[in-house]
Amino acid sequence: MRRRRADRRRILPDPKFKSTLIAKFINVMMKSGKRSTAERIFYEALDITTQKVETPNAVKIVEKALANTRPLLMLKSRRVGGATYQIPVEVTEDKGILIAMRWLREFARSRKGRGMQERLAEELREAFQGTGPSVKKRDEVHRMAEANRAFSHYRW
């Protein structure tokens, strides 16, 4: 018999914008439990982004950047009779937002030069405008899911 499903942890809103979405993003950004460093980097990146983008509301910028980056479909591997198929599966909203945050973080980290604040700000700005590597990654994942639509009957 399986154990019961774990309860979801409530994430407290961030101190500056009172947004749980930004608090989650800061948690994703954090390395080795250094919350204050992650908060400083994220808030500075938001300040830079709000100066470059016409929208003064930082929370709206983050929401739109995540909406533009969030995947709706993903591929899952499934073994059927010795063969492995990539099956397209719909992604829940929470999972999609988490994946979008990870993509934004990883593409910001992989950028060359400058500080992390400027790299993250640039990544957020490009995602907000619907361009940039994280949005391309989402489009690529959707294309792959569309190409493997023939295997969707193997879904479990």
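These legends describe close-up views of a predicted model.

**Figure 1. The whole protein chain, with six helices and two strands.**
From the N terminus, the elements run α-α-α-β-β-α-α-α. Along the principal axes, the C-alpha atoms fill a box of roughly 55 × 40 × 25 Å. The chain has 156 residues, and 38% of them are buried. Contacts between residues at least 6 apart in sequence were sorted by separation: 60% of them join residues at least 24 apart.

**Figure 2. Surface and charge of the protein chain.**
About 10200 Å² of the chain is exposed. Carbon and sulfur atoms supply 49% of that area. The chain carries 36 positive and 18 negative charges. The mean positions of these two sets are 7 Å apart.

**Figure 3. Phe-25 and Phe-42, an aromatic pair between two helices.**
The structure holds two aromatic pairs. In the one shown here, the ring centres of Phe-25 and Phe-42 are 4.9 Å apart. Their planes meet at 40°, so the pair is tilted. Phe-25 belongs to helix 1, residues 20-29. Phe-42 belongs to helix 2, residues 35-52. The pair therefore ties together parts that are 17 residues apart in sequence. Both Phe-25 and Phe-42 are buried.

**Figure 4. Lys-64 over the face of Phe-128.**
This view shows a charged side chain and an aromatic ring. Lys-64 lies at 4.8 Å from the ring centre of Phe-128. Phe-128 is also the last residue of helix 5, which spans 116-128.

**Figure 5. Ala-45, a buried residue in helix 2.**
Ala-45 sits in helix 2. Its relative accessible area is 0%, so Ala-45 counts as buried. Leaving out residues up to four places away in sequence, Ala-45 touches Gln-117, Leu-120 and Ala-121. Glu-90 offers another reference point. It is 45 residues from Ala-45 along the chain, and the two C-alpha atoms are separated by 31 Å.

**Figure 6. Ser-134 and its contacts in helix 6.**
Ser-134 is part of helix 6. The residue is buried, with a relative accessible area of 0%. Residues up to four places away in sequence are not counted in what follows. Ser-134 touches Thr-69, Trp-103, Leu-104 and Phe-107. Glu-123 and Ala-127 are also among its contacts. Ala-65 is 69 residues from Ser-134 in sequence, yet their C-alpha atoms are 9.6 Å apart in space.

**Figure 7. Gly-130, in the loop between helix 5 and helix 6.**
Helix 5 covers 116-128 and helix 6 covers 133-147. Gly-130 lies in the loop that joins them. Its relative accessible area is 37%, so Gly-130 is partly exposed. Beyond its neighbours within four places in sequence, Gly-130 is in contact with Asn-68 and Val-135. Ala-67 is 63 residues away from Gly-130 in sequence. In space, the C-alpha atoms of Gly-130 and Ala-67 are 9.4 Å apart.

**Figure 8. Gly-82, in the loop between the two strands.**
Strand 1 covers 73-80 and strand 2 covers 83-90. Gly-82 is in the loop between them. At 57% relative accessibility, Gly-82 counts as exposed. Met-116 is 34 residues from Gly-82 in sequence, and 45 Å separates their C-alpha atoms.

**Figure 9. Lys-18 and Ser-32, two residues with positive phi.**
Most residues other than glycine have a negative phi. Lys-18 is not a glycine, but has a positive phi of about 55°. Lys-18 is in the segment before helix 1. Its relative accessible area is 61%, so Lys-18 is exposed. Ser-32 also has a positive phi, near 55°. Ser-32 lies in the loop between helix 1 and helix 2. With a relative accessible area of 74%, Ser-32 is exposed.

Conventions. Residues are numbered from 1 along each chain as its sequence is written. This is a predicted model: local features need pLDDT of at least 70, side-chain atom pairs count only at pLDDT 80 or more; totals for chains, interfaces and linings use all residues. Side-chain values use heavy atoms; hydrogens and water are left out. Rings of Phe, Tyr and Trp (its six-membered ring) pair if their centres lie within 6.5 Å; planes under 30 degrees apart count as stacked, over 60 as edge-to-face and the rest as tilted. Helices (H or I, at least four residues) and strands (E, at least two) are DSSP runs, numbered from the N terminus. Buried means under 20% relative accessible area, exposed over 50%, partly exposed in between (1.4 Å probe, protein chains only). A charge sits over a ring if NZ of Lys or CZ of Arg is within 6 Å of the ring centre and within 35 degrees of the ring normal. Contact means heavy atoms within 4.5 Å. Accessible areas come from the Shrake-Rupley method with a 1.4 Å probe; for residues, only the protein chains shown count as cover. Lys and Arg count as positive and Asp and Glu as negative; His and the chain ends are not counted. The place of a charge is taken as NZ of Lys, CZ of Arg, CG of Asp or CD of Glu.
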